[in-house]
2 protein chains.
Amino acid sequence: MPAMYCHRCDQMAAIRMKEHRLQLCKEHYLEWFIQQTQAYIQKFHMFNRSDKVLVAVSGGKDSLSLWDVLWRLNYQAEGMYIHLGIDSEDHYSDASEAYCRQFAEERGLTLHVVNVRERYGKSVPEFAHMKKWGKERPCAVCGVAKRHIMNQAAIDHGCNVLTTAHNLDDEAALLMLNTMNWHVELLRRQSPILEASGGLPRKVKPFCRFYERETAAYALLRGIDYVEEECPHATGSTQLYYKGILNQMEHEHSGYKLNFYTNFWNAREKLFGQKTVKDAGDGNACPNCGQPTTADGLCSFCRMVNSSQA
Amino acid sequence: MPAMYCHRCDQMAAIRMKEHRLQLCKEHYLEWFIQQTQAYIQKFHMFNRSDKVLVAVSGGKDSLSLWDVLWRLNYQAEGMYIHLGIDSEDHYSDASEAYCRQFAEERGLTLHVVNVRERYGKSVPEFAHMKKWGKERPCAVCGVAKRHIMNQAAIDHGCNVLTTAHNLDDEAALLMLNTMNWHVELLRRQSPILEASGGLPRKVKPFCRFYERETAAYALLRGIDYVEEECPHATGSTQLYYKGILNQMEHEHSGYKLNFYTNFWNAREKLFGQKTVKDAGDGNACPNCGQPTTADGLCSFCRMVNSSQA
């Protein structure tokens, strides 16, 4: 293999991005990655420097990189970690929290931590084991809990924007899952930006066009310490299955994921006739927490917590 | 492996259909296959015994099986073979025509043959080699030519229904291609039934829910002689690529193709708000052939033929 040089200077390249026909040294990669993030934020009008942004961090490479980039770009970004109570062999939740705390401390940033068991009486796996909610995987319960808690934290801390670090691999796999199963209502709502509504903050995904290997390269080259384990419950999930299929298609056709995902934006407008998507529909307010819900009474999170106390 | 018995009698099974949890002997399979076809025809109101149906036959297993089944079900079904002029080593077009003629003769059925070179001056590969129309593959030209010629034959022979033998593997691969590339207008029109409009016959696909191995099993067990070669130009096509991906997914999740394809029917209604789909839009009539076209002047087929004579 011939020596690989940076396209912007005479240093050796640290990464080659086939899909962008671009190879960059460490310094220029870190610069490119930050510029790209800023460009996405502006292109989609995600937020500006007067917004107060809450970054949902898991302790993994994507979310800590996102927080790092927003901090370097001088956005008002506070972190929030949700301790789900996943007590695997390697103490997944405790370890993840420690990485988040260390990251925030090193940079003098504010981290909010919500411990699900301490705050709501049970951990996510414990909620999932309750008879009515019990499924093979706690992932559905986890989704409901995270959504509720993130919204609540944004409201509690006066943040008008909530950001998650979903990357292209995440988003494309979810899109493929929703498409191949024809989940029309979920397709309607899949967007890198969900407008504020029903008292909920705007929700944005500034990393949605970065391949997973690009966010991993950023964390690595920036020297960010992060939890490398995946959630032990993710193994064998449907979304991971589609990630595998898309990886294969990307391998055979460079740029496949990016085209599939970004071409959907135009298609979504054609299919649904809406340029913007709101987070909440015209639901009621939950009489307990006040968050919007499609249910007549309590929202599904509050029903779950209530029934655990019965 | 334990002995495999027919689910309807005590004979050994000839085929096992995992996706239907059904295994049948030769006799019951042939019966099942015909019953299923009749059920699809009725479910989608494709045609009845007073309609005059033109069956597009290629000499392959799918189309000859379809013609055989329609004949056994006492529909008024005439065949039409289009000789495209594909002169590969094994004389693909000549050989295919011979299989169609033999099939019609054995059953005393009417076969109409259109030889593209004799009727329009050039074969399909020759049209495709013309400068303006030339592409790497003649498939686009072939699609335009077949569509025009099939419509014309239906009109010429007074057939109000045109049927093709696309199977589930064909339809699911096309659907995946159109979906993953977000060809919204093609998705809108992908349906097992296109209603008559603009002087064109109704177009129907009675085999759209049969796996390719099911139509192959029918041809084999019925003893139909058919051309086994695929069109030499199909190798490496995008649709074949998606067939491969779907085969892999079907292997991992039995019934995948069938769910993906049939769930789309409901989704299409939700996405486009139309229960039925017309073949032609509100286009003009081509001043030469009279068929509907979205162009202002000649339709693309007539333009192609005209420019070959210039």
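How many C-beta neighbours does B:A217 have inside 10 Å, and does B:A217 count as buried or exposed? This tour of a predicted model opens with that residue and then proceeds from chain B to chain A.

**Stop 1: B:A217 and helix 9 of chain B**

Select B:A217, which lies in helix 9 of chain B. With 22 C-beta neighbours inside 10 Å, B:A217 counts as buried, because the threshold for burial is 20 or more. Leaving aside residues up to four places away in sequence, B:A217 touches B:I15 and B:Y29. Next, display the C-alpha atoms of B:A217 and B:I15: they are separated by 7.7 Å, although the two residues stand 202 residues apart along the chain.

Extend the selection to the whole of helix 9 of chain B, residues 212-222. The buried residues here are B:E214, B:T215, B:A217 and B:Y218. They cover an arc of only 155 degrees around the axis and therefore lie on the same side of helix 9 of chain B. Add strand 1 (15-17), helix 1 (26-43) and helix 2 (61-72) of chain B to the view, since the buried residues of helix 9 of chain B pack against these elements. Just after the helix comes B:G223, with a positive phi of about 75 degrees.

**Stop 2: two loop residues of chain B**

Most residues other than glycine have a negative phi. Two residues of chain B merit selection in this respect. B:R21 is not a glycine, yet has a positive phi of about 50 degrees. B:R21 is located in the loop between strand 1 and strand 2 (22-24) of chain B. With 10 other C-beta atoms within 10 Å, B:R21 is exposed.

Now select B:N74, in the loop between helix 2 and strand 4 (76-83) of chain B. B:N74 also is not a glycine, and its phi is positive, at about 65 degrees. B:N74 counts as exposed, with 8 C-beta neighbours inside 10 Å.

**Stop 3: helix 1 of chain A**

Move to chain A and select helix 1, residues 26-43. At 1.5 Å a residue, its 18 residues should span 26 Å, and its end C-alpha atoms are indeed 26 Å apart. Colour A:Y29, A:F33, A:T37 and A:I41, which are buried. These residues cover an arc of only 110 degrees around the axis, so they sit on the same side of helix 1 of chain A. Among the elements covering them are strand 1 (15-17), strand 2 (22-24), helix 2 (61-72) and helix 9 (212-222) of chain A. Rotate to the face turned away from the buried side to find the exposed residues A:Q35, A:A39, A:Q42 and A:K43. Just after helix 1 of chain A, A:H45 takes a positive phi of about 50 degrees.

**Stop 4: A:F127**

Select A:F127 in helix 5 (residues 124-129) of chain A. A:F127 is buried, with 26 other C-beta atoms within 10 Å. Add A:S307 to the selection: 180 residues separate it from A:F127 along the chain, while their C-alpha atoms are 9.6 Å apart.

**Stop 5: helices 7 and 10 of chain A**

Select helix 10 of chain A, which has 15 residues and reaches 22 Å from its first C-alpha to its last, close to the 21 Å expected. Its buried residues are A:Y242, A:K243, A:L246 and A:E250. They cover an arc of only 110 degrees around the axis, which puts them on the same side of helix 10 of chain A. The face turned away from that side carries the exposed residues A:L240, A:G244, A:H251 and A:E252. Helix 7 and helix 11 of chain A are among what covers the buried residues.

Add helix 7 of chain A. The axes of helix 7 and helix 10 of chain A come within 8 Å and cross at roughly 105 degrees, which makes the two helices roughly perpendicular. Helix 7 of chain A contributes A:D169, A:A172, A:A173, A:L174, A:M176 and A:L177 to the contact, and helix 10 of chain A contributes A:T238, A:Q239, A:Y242, A:K243 and A:L246. By class, these residues comprise seven nonpolar, two polar and two charged.

**Stop 6: where chain A meets chain B**

Finally, show both chains. In this interface, 13 residues of chain A are in contact with 13 residues of chain B. On the side of chain A, helix 7 (168-180), helix 10 (238-252) and helix 11 (256-272) each give two or more residues. Helix 11 of chain A gives the most, with six residues. The residues on this side of chain A divide into nine nonpolar, three polar and one charged.

Key
Residues numbered from 1 in each chain as written. Chains lettered and ligands numbered in written order. Predicted model: local features only at pLDDT ≥ 70, side-chain atom pairs only at ≥ 80, totals over all residues. Contact = placed C-beta atoms within 7 Å. Helix = DSSP H or I, 4+ residues; strand = E, 2+ residues; numbered from the N terminus. Nonpolar A, V, L, I, M, F, W, Y, C, P; charged D, E, K, R; others polar. Axes fitted to C-alpha atoms, helices over the stretch in contact; angles between N-to-C directions. Parallel < 35°, antiparallel > 145°, perpendicular 65-115°, else oblique. Expected span 1.5 Å × (residues − 1). Buried ≥ 20, exposed ≤ 12 C-beta atoms within 10 Å, placed from the backbone. Arc of directions from axis to C-beta.
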